[in-house]
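Student: I have a structure open and would like to learn how to read it. Could you walk me through its features?

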Amino acid sequence: MVAQILFLVITLAAIALFTANLRKIIRNIRLGKSADRTDQPQKRLMTMLRVAFGQSKMVVRPIPAFLHFFVYIGFVIINIEVLEIMIDGLFGTHRIFHGLGGLYNFLIGSFEILALTVWVSCAIFLIRRNVLKLKRFRGVEMTSWPKSDANYILITEILLMTAFLLMNAADAKLQLLGSSHYTNAGAFPVSQYLMNILPSAESTLIAIERGCWWFHIIGILAFLNYLPYSKHFHILFAFPNTYFSNLEPKGEFTNMASVTNEVKAMLDPSFVPAETEPGKFGAKDATDLSWVNLMNAYTCTECGRCTSVCPANITGKLLSPRKIMMDTRDRITEIGKNIDKNGAEYQDGKSLLDDYITREEIWACTTCNACVEACPVNIDPLQIITELRRFAVMEESQAPASINAMMGNIENNQAPWKYSPADRFNWAEGS
Amino acid sequence: MAELMAAGEEPEILFWVGCAGSYDERAQKITRDICKILHHVGIKYAVLGTEESCTGDPAKRAGNEFLFQMQAMTNIEVLNAYNIKKIVTGCPHCFNTIKNEYPGLGGTYEVIHHTQLIQDLINEGKLKAEGGESFKGKKITYHDPCYLGRGNGIYEAPRKALEVLDAQLVEMKRCKSNGLCCGAGGAQMFKEPEKGKKDINVERIDEALETNPQFIAAGCPFCMTMLSDGIKLKDKEQEIKVLDIAEITARANGL
C-alpha cells in the first residue's frame, strides 16, 4: 500500500512538473509574432505523417537513419509497457495484462528484442559521438553542454533498457522458482541469457526485480522532465513542427504586408492602407520572429545535418544553421526566464542579433535552402537569417557596402549593376 | 513588346531576359541562344526590352523588402498593361520571384524557366538534337541552380534537355536536392565572401572536376559566372567548357 501511494505521488509530481515546464515553453513560443499556418489541414497532416511519423527525410543518411529508426520504434512501442507499469504501480498488481496469453508473450518478447536494438543503437551512437568524433557533431556551437546533453540522453536510454531487461530476467528466474506473486507470463528471448548472471536466492531476485522496476519507471518520469531542458524535446515537437511547416516552394520568401501598404501608398497617393499592427521591420530579437521560428528552435535536436550541407560552413565561414537555431532557443529561453523573474516589461538590453548571432554569420548565407532541405523535421533556419537581414537593412541601413551599392544600382538603374537602363536591349545587337 | 502591342498583336509567350541576360556579356550569349530556340520552333514571343527592370530578387534576399516590392509592383504594372499570360525566364532567380512572389502583389502569370520550355519542346517533338554539333558520348555534368532545384523542385527538365543529346551524363556527388550552391545566391553575387578557408565556387568546381567532364551544364547566369571563374582558376578552360542548357541545345541543333 505504501508503495502504491509512493508511486502515485511520484507520478503526479512528475506530470505536474512536466506540464508546468511545457506551458512555459508554449508561453515562450507565443511571444513570437503571428503567422498563419492553418491552411490545407489535410496536406499538413500528410506532411506530419510522412516526415515525423514516417521519418522520410532521415533515410538520406542510411546508417544513422537505420539506428535512429530502432530507437524511435523502440521508444514508441516499449512505451506500451509503461501502461502496464502504471496500472501495476497504482493497483499493486503484477503483470496485469498477462491474461492476454499468447499475445502478451508476443508483446513482451517484441519489447525485449526492441530493447536490445535500442541498447545497441545507443551504444553505436555514443561511439560515433565520442570515439569516432564525426565532424557533424563538432563545430563552434557544439560546446560542452550540447555535447553532454547528447551523451546524457544516450546513457539514460541505455540504463533504462538495461533495467528493463534485468527486471525481466529476474522475473523469469522467479517464475522458474515458482515464487508466489510472480505468475508465469511473458516470453524472454533476450533476458533469458541474463538469468545466469543473476544470483539464485529468491529474496535477492525479488530485490533486483523490484529495484529495476522502480528504476525503470522513475527513470522514464525523470527523462520526461529532462526533455524541456534538452535537445531531446524533438521527440514531442517533431510532430507539431512538421504539421505547421512551410508548404510553399522553398524558393518563395514571404511578402511583408506592412511593406506592401507603404509601397502602395508611395506609388499611388490615393491609396489608403488597411490598419496593420505597428512594429519593426524584420527581427532584432527572438520575440520579433514568428512563433513558427521559435517552435523550430525548440524542436531542433542539434543533429547538424543543416550545417554539414551549408555551403558557407563547408568552406570555413562562421555561419552554421544549427547555431542559428540553438542561439534562437537560448535567447527565447532567456527572455522567458526574465519574464518569470522580473515581469513582462523587463528588458535586459540584449538581443538575438549581435549578442548571439553576428552580422558576419547572417551575411555569409547564400539562401540556397540546403539547410531547410536537410532538416529531418522541417526546421527553417533561412527564415530567421532573412528576418535578421531585414532588420539590418530596413531598420538600421547596416548592410555590407557592396550590398548597399547593389541596392543603389537597382534603385537608380533598375539593375543590380551600374549600367544604363537605356542599354538594356543592347544584347540583341551582338552575336 | 511595345511594337507588337502597337501592331495589335499578342505574343504566345513573353521572354523575361533578366539583368544578367541583358548586361552580362557571357549571359547575353545565352539570351541570344534562347531567342534562337524560340525562333527555330516558331513560337511567337516578345521581350520587354528597355521596359524590363530588375525583378527585385537580390534586394529581397538581402533583406530590402521595400526595394523588392517597389520593383515588383512596377514590373507587375508593365506586365499587366501588356496583358501577359505566360512568361519564360532565362534565370532561375527571376523565375522564382515572378512565379512565387509576384502573385501576392497582383501579378499572376504562368511562369516557366527556359529549361522547362526546352523540355516541353522536346516532349512535343518540336525540338530534337540534330543538324548541329554532336554531343554523342561526351561527358556532361549538370549543376543544379538552387532556385530551380531545391527552390522549386525542378530537377528533371534540364536533365531531359541533356538526355536527348545521347551524351554521357555524370552526376556530381552532391546533386539534385542535395546539390551544392555555386556561391552566388542570396545577393552573394554582389559582394565579397566572408572570411573562410575556401570560396564556394572552388569547392563546387573541385567536385565537378571529380566527374572528369568535358562540359559542365548550367541553367543560371550567376552559376555560369561562378563556375566559369572556378574553371579559369583551375586553368581548365581549354579542356572543360561551361555551357548553359540553352547554349547546348542551340549548338546541338545548329542554331
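Tutor: Happily! Let us begin with one pair of residues in chain B: B:Val88 has B:Ile112, in β4(B), as its bridge partner. Keep in mind that this is a predicted model.

Student: How do strands pair in general, and which strands does that bridge belong to?

Tutor: Strands in a sheet are held to each other by backbone hydrogen bonds, in a parallel or an antiparallel way. Here, strand β3 (residues 86-89) of chain B pairs with β4(B) in the parallel sense, over four bridges. Another pair to look for is B:Lys86, which stands opposite B:Glu110 in β4(B).

Student: How does the chain get from β3(B) to β4(B)?

Tutor: It passes through helix α6 (residues 92-101) of chain B, and this β-α-β crossover is right-handed.

Student: What pairs with β3(B) besides β4(B)?

Tutor: Strand β1 (residues 13-16) of chain B runs parallel to β3(B), joined by three bridges. To find the place, look at B:Trp16, whose bridge partner in β3(B) is B:Thr89.

Student: In what order do the strands of this sheet lie, and which are at the edges?

Tutor: The order is β2-β1-β3-β4 (chain B), an open sheet of four strands with parallel pairing. The edges are β2 (45-46) and β4 (110-113) of chain B, each of which pairs on one side only.

Student: Where can I practise on another sheet?

Tutor: Stay in chain B, where four strands in the order β6-β5-β7-β8 form an open sheet with parallel pairing. Its edge strands are β6 and β8 (241-244) of chain B, since each pairs on one side only.

Student: What does β5(B) pair with?

Tutor: Take its partners in turn. Strand β5 (residues 139-142) of chain B pairs with strand β6 (residues 168-169) of chain B in the parallel sense, over two bridges, and B:Ile140 is found opposite B:Leu169 in β6(B). β5(B) also runs parallel to strand β7 (residues 215-218) of chain B, with three bridges joining them; there, B:Tyr142 has B:Ala217 as its bridge partner.

Student: Which helix goes with β5(B) and β6(B) in a β-α-β unit?

Tutor: That is helix α8 (residues 156-163) of chain B, and the unit it makes with β5(B) and β6(B) is right-handed.

Student: Now for the two chains together. How do I read the size of their interface?

Tutor: People often quote the accessible area that is lost when the parts come together. Between chain A and chain B the buried area is about 5,400 Å², with carbon and sulfur atoms giving 66% of it. On the side of chain A, A:Trp417, A:Arg424 and A:Trp427 lose the most area to chain B, together 16% of what that side buries. The contact involves 58 residues from chain A and 66 residues from chain B.

Student: How many polar contacts cross the interface, and which elements of chain A touch chain B?

Tutor: There are 29 residue pairs in polar contact across the interface of chain A and chain B. Elements of chain A that give two or more residues to the side touching chain B include α8 (257-267), α16 (381-395) and α17 (401-413). The largest share comes from α8(A), with seven residues. By kind, the residues on that side of chain A are 32 nonpolar, 14 polar and twelve charged.

Student: What about charged pairs?

Tutor: Side chains of opposite charge can pair if their charged atoms come close. Two salt bridges are counted between chain A and chain B. In one salt bridge A:Arg390 meets B:Glu65, the closest N and O atoms being 3.3 Å apart.

Student: How many salt bridges are there over all chains, and what can one tie together?

Tutor: The count over all chains comes to 40 salt bridges. Among them is the one between A:Asp285 and A:Arg331, at 2.9 Å from N to O. A:Asp285 is in the loop between α8 and α9 (291-299) of chain A, while A:Arg331 is in helix α12 (residues 321-342) of chain A, so this pair ties together parts that are 46 residues apart in sequence.

Notes. Residues numbered from 1 in each chain as written. Chains lettered and ligands numbered in written order. Predicted model: local features only at pLDDT ≥ 70, side-chain atom pairs only at ≥ 80, totals over all residues. Heavy atoms only, no water. Contact = heavy atoms within 4.5 Å. Buried area = accessible area lost by both parts, 1.4 Å probe. Salt bridge = Lys/Arg side-chain N within 4 Å of Asp/Glu carboxyl O. Polar contact = N/O pair within 3.5 Å; in protein donor to acceptor, adjacent residues only side chain to side chain. Nonpolar A, V, L, I, M, F, W, Y, C, P; charged D, E, K, R; others polar. Pairing = 2+ DSSP bridges. Right-handed = clockwise from strand over helix to strand, strands pointing away.
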